[in-house]
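Hi,

Here is the structure I promised you. Have a look at it first, and then read on for what turned up.

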Amino acid sequence: SAVNYDSTLMPVLIADFEKLRDVLAGVPRRHFEWNFGALQRIVAQPFAFDLETTTPEVAGRFAPSLAHPIGAAWASRVENSVVATYEHARSITQWRAALESNDVIKYCHNTKFEHLVLANVGVTLHNVHDTKVMAYVLGYRDTQLKSLTGEVLGVKQLRYDEWDQVDPMYPCGDAAYTYLLAEELLRELD
């Protein structure tokens, strides 16, 4: 396995990068490329995505129906690699065509959340396949992304609280693993 990362594109602590590299090194026969700026190449074909959002609260509880996207990670297979990128939500309109397209398949884990958040900014998802629902239909007991990544892909994925800083590589990992999980679960469903 190899991880390509251009440190000039996004400031990342070396320790965080080393943690991610160690996690990805345990994934057999897979190659991840972290390419900050590859969005156009990714969304031209089936892709996975993961939103990062604001965290509004109502009565001390997270209220996803009030959340807005602050960024998103995107991942897709390009040749023999899974390419992931992170984009800040400066303009949701740059994502609208890809997310609302009926022509391109999208993979998401727990699509209900992304659907609620995107509805807050006027985006309606189309042609989305939910890996959480796939896992439920297949009879997996624990359908959380981190658990499924371990059970199906054999990888211990880092949780958010295991990172030393807020880092775009965290959601990139979620998007990349959602894409790989979708590939595996679709094989099981066939």
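A word on strand pairing before anything else: two strands count as a pair if DSSP finds at least two bridges between them. Please also keep in mind that this is a predicted model.

With that in hand, start at strands 6 and 7. Strand 6 covers residues 69-78, and eight bridges join it to strand 7, with the two running antiparallel. If you want a spot to click on, try Trp 74, which stands opposite Thr 85 of strand 7. Strand 7 itself, residues 81-88, is mostly covered, with seven of its eight residues buried.

Next, the helices. Which residues of helix 4 are buried? They are Thr 111, Phe 113, Glu 114, Val 117 and Leu 118. Looking down the axis of helix 4, you will find these buried residues within an arc of 155°, so they line one face of the helix.

Helix 5 (residues 131-138) can be read in a similar way. Its buried residues are Thr 131, Met 134 and Ala 135. Viewed down the axis of helix 5, they fall within an arc of 95°, so here too the buried residues line one face of the helix. Tyr 136 and Val 137, on the other side of helix 5, are exposed.

Both ends of helix 5 deserve a click as well. At the N-terminal end, Asp 130 acts as the cap: one of its side-chain oxygens lies 2.8 Å from the backbone nitrogen of Lys 132. After the helix comes Gly 139, with a positive phi near 90°.

That brings me to backbone angles. Most residues other than glycine have a negative phi. Two asparagines here go the other way. Asn 110 has a positive phi, near 65°, and sits in the loop between strand 8 (106-108) and helix 4 (111-119). Asn 127 also has a positive phi, about 55°, and belongs to the loop between helix 4 and strand 9 (128-130).

Are these two asparagines buried, exposed or something in between? Buried would need under 20% relative accessible area and exposed over 50%. Asn 110 has a relative accessible area of 32%, so it is partly exposed. Asn 127 comes in at 27%, so it counts as partly exposed too.

That's the tour. Shout if anything is unclear when you open the file.

Cheers

Conventions: Residues are numbered from 1 along each chain as its sequence is written. This is a predicted model: local features need pLDDT of at least 70, side-chain atom pairs count only at pLDDT 80 or more; totals for chains, interfaces and linings use all residues. Side-chain values use heavy atoms; hydrogens and water are left out. Helices (H or I, at least four residues) and strands (E, at least two) are DSSP runs, numbered from the N terminus. Buried means under 20% relative accessible area, exposed over 50%, partly exposed in between (1.4 Å probe, protein chains only). The arc is that of the directions from the helix axis to the C-beta atoms. A polar contact is a pair of N or O atoms within 3.5 Å; within protein, one must be able to donate a hydrogen and the other to accept it, and residues adjacent in sequence count only if both atoms are side-chain atoms.
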